[in-house]
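Q: Please take a close look at one part of this structure for someone who has not seen it before. Once that part is clear, please go on to its surroundings and to some other places worth reading alongside it.

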Amino acid sequence: MIRFLRIRIAGERGAALPMVIGMTLVLGLLVTTAVTYATGGFRQSAATEEWSASLAAAYAGVEDYQSRLSEDTSYIQYGNPAAKFSISTGSSVRLPNSSNVNPAFNTAVSETWAVVPGGNGDSQYRYEVDNSQYSGSGIVRIRSTGKVGGETRSLVADLRQSGFIDFLYFTDYEIKDPALSGASSSCLKYAWAGRGSNCGEIAFGSGDVIDGPAHSNDTLRVCQATFKGDVTTSYKPTSGLRFTPKDSNGYSCNGQNFEKDGSPSFQPVIGMPATNSQHLRETRTDLASDGVPRPGCLYTGPTQITMNSNGTITVLSPWTKKTRIVGSPATSGSTPAECGDVTRIVKNSGDTFTMPANNVIYVQNVPAVSSDPNSWRSWEKPAGLTCTGQDGSTDRNGNGNGIGYPVRYEEAESDAYGCKTGDMFVKGTVNGQATLSAERYIYVTGDIKYKSADSDVLGLVGNDAVWVWNPVYDPRYYNSTILSDSGRRIDAAILSVGHTFAVQNPGTGSGRGTLTVNGAIAQKFRGIVKRGSGGYTKNYVYDNRLLYTAPPKFLSPVTTTYGVNVWIEVKPAYDSTGKPTP
């Protein structure tokens with residue numbers, strides 16, 4: 001019996017060892033699984049952090065490029081022509097001619113990435129530039145790729161230059177143009193900087209409705225006017241109102257209505273450019289590699305332009321010889337077909353041709369420099385041209401420009417309608433995209449309307465002024481306006497660089513109806529649209545498309561920033577080794 005028990009126990013001892021070993025294996029597998037799961041969790045967490053951080057690095061790349069553009073507006077031309085994104089978009093870019101080349105432009109595996117400042121060097125980025133649409137729309141596009149650890153992410157951003165077209169109504173000084181009012185030079189200060197009295201301050205008055213964003217570098221005078229959009233001013237009092245509740249005569253009033261925020265907010269001074277001579281530069285053919293790959297068209301002396309709904313324009317410009325130039329001052333020129341047939345442009349009927357696409361048309365004074373290809377000797381005139389008005393004579397002030405101004409019986413201002421001045425007379429239906437710019441005045445002689453409110457866009461830039469043409473009779477005949485129609489519409493972004501946007505003779509007659517501006521207005525001095533019973537009632541409406549597009553080569557402020565219109569994440573352009581992805 002005792003022997004039997006010993007044998008049984010011995011047998012059970014033999015079975016215990018495999019059981020212990022098996023249990024040990026199971027426990028080992030459980031521990032291994034737990035460790036593997038935990039390690040995988042750590043790896044997944046790290047990968048998630050890197051994935052999120054790489055997008056932040058891509059944003060940092062966009063911000064870096066924005067900063068570079070703000071510091072140097074010419075930086076728009078730089079990039080890496082070998083970059084896949086630049087090639088695919090047809091962009092024309094080149095690396096800076098400097099030993100300090102931006103590492104964010106690198107594209108090869110062996111090349112470094114730019115490092116996000118303030119980190120430990122793990123967050124990096126690269127970006128590629130598409131500037132192919134900049135001259136036409138004012139927009140530059142970049143593709144920025146961020147890299148952290150083994151993760152990369154890319155996004156595409158559209159950057160648009162902030163400028164005058166951000167506002168329906170922009171004014172540098174809230175006074176009448178001293179050239180018209182005769183005010184002293186002491187008036188050329190902002191009110192908040194100590195401008196003197198009797199400077200011709202103009203107020204927003206009863207019935208004025210500004211249906212869009214507005215800005216003034218000066219102190220606004222507002223009396224019973226309504227502002228429907230954001231209103232900003234560079235007037236920053238320590239307390240109280242950021243506007244003056246007075247009318248144009250200096251009398252206190254109330255009833256102001258700022259619908260958006262209840263009151264203007266502060267924005268620093270937005271500097272006006274000195275001239276629009278940049279647009280003359282845009283007609284040069286010798287700057288293909290220096291910012292003017294597609295020159296615009298140049299006309300000389302008084303020029304009449306009629307835009308036609310079929311996409312053509314009719315140009316009459318008797319003093320024009322060359323429609324594109326070389327050099328500054330110009331030394332030679334050419335007459336490309338896309339700017340019209342000069343042999344017909346100089347004649348009474350002018351020439352009709354397709355409006356240059358996404359470009360500038362500039363009208364200059366007859367040059368005084370004899371070497372200029374568009375100059376004339378002092379005693380010369382175009383064949384058959386006489387410096388007279390519509391009826392073959394001048395008015396009492398001696399006005400007459402040879403292309404129909406002044407009209408019969410018109411009494412014009414003494415400085416109007418010069419025979420050799422760079423004045424543009426424009427009207428018609430816009431079918432396309434263009435900026436019309438003049439060295440002196442632009443006269444809007446009829447309605448300017450878009451054929452398509454979705455695709456057409458126009459800029460009007462007068463170096464001295466943009467006038468709504470409103471001729472009046474010589475008072476020896478009648479004391480009224482000559483035009484008999486009612487109302488005027490202008491679809492355009494308007495900029496008067498040195499002076500004003502205004503109506504001619506705003507105080508004559510019994511009223512001209514409503515002046516509708518669909519677009520944006522920017523000017524150095526406030527212009528008068530209505531005085532007493534004459535002139536026009538304002539109806540200014542902001543063209544919201546100007547938030548993301550611009551007339552071709554429209555002028556920008558002296559100092560400017562670039563805002564991002566569109567962000568969109570796309571497939572990573574590079575992997576973590578720096579290799580471009582397929």
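A: The account below begins with one sheet and then moves on to other places in the chain.

The model is predicted, so local features need pLDDT of at least 70 and side-chain atom pairs count only at pLDDT 80 or more, while totals for chains, interfaces and linings use all residues. Residues are numbered from 1 along each chain as its sequence is written, and side-chain values use heavy atoms, with hydrogens and water left out.

The part chosen is an open sheet of five strands, in the order β1-β2-β3-β4-β27, with antiparallel pairing. Its edge strands, each pairing on one side only, are β1 (114-115) and β27 (562-570). Strands here are DSSP runs of E with at least two residues, numbered from the N terminus, and two strands pair if DSSP finds at least two bridges between them.

Within this sheet, β1 and β2 run antiparallel and are joined by two bridges, and V115 stands opposite Q124 in β2. On going from β2 to β3, the pairing is again antiparallel, over seven bridges, and Q124 has K147 as its bridge partner in β3. Further on, strand β3 (residues 139-148) is joined to strand β4 (residues 151-161) by 10 bridges, the two running antiparallel, and V140 is found opposite L159 in β4.

Strand β2 (residues 124-130) is largely enclosed by the rest of the structure, because seven of its seven residues are buried; buried means under 20% relative accessible area, exposed means over 50%, and partly exposed lies in between (1.4 Å probe, protein chains only). In a regular strand the side chains alternate between the two faces of the sheet. In β2, Q124, R126, E128 and D130 point one way, whereas Y125, Y127 and V129 point the other way, and all of them are buried.

The sheet also leads to a loop, since L547 sits in the loop between β26 (537-542) and β27. With a relative accessible area of 42%, L547 is partly exposed. Leaving aside residues up to four places away in sequence, L547 touches R160, Y542 and N565, where contact means heavy atoms within 4.5 Å. The C-alpha atoms of L547 and P81 are separated by 29 Å, and the two residues lie 466 apart along the chain.

A second strand to set beside β2 is β22 (residues 457-462), which is mostly covered, with six of its six residues buried. From β22, V457, G459 and V461 point one way and L458, L460 and G462 the other, all of them buried. Strand β20 (residues 433-438) pairs with β22 in the parallel sense over six bridges, and S437 stands opposite V461 in β22. β22 also pairs in the parallel sense with strand β24 (residues 488-503), over four bridges, and the bridge partner of G462 in β24 is S496.

Charged side chains form another topic. The whole structure holds 28 salt bridges, each being a side-chain nitrogen of Lys or Arg within 4 Å of a carboxyl oxygen of Asp or Glu. R488 forms one with D485, the closest N and O atoms being 3.2 Å apart; R488 is buried at 5% relative accessible area, whereas D485, at 35%, is partly exposed. These two residues belong to a network of salt bridges that links D447, K449, D485, R488 and R512. In another case the side chains of D543 and R545 meet in a salt bridge (2.9 Å, N to O), and both residues are buried. D286 and R284 form a further salt bridge, with 2.8 Å between the closest N and O atoms; here D286 is partly exposed at 36%, while R284 counts as buried at 14%.

One more buried residue is T233, which lies in strand β9 (residues 231-233) and has 0% relative accessibility. Its contacts, not counting residues up to four places away in sequence, include H215, D218, R242 and F266.
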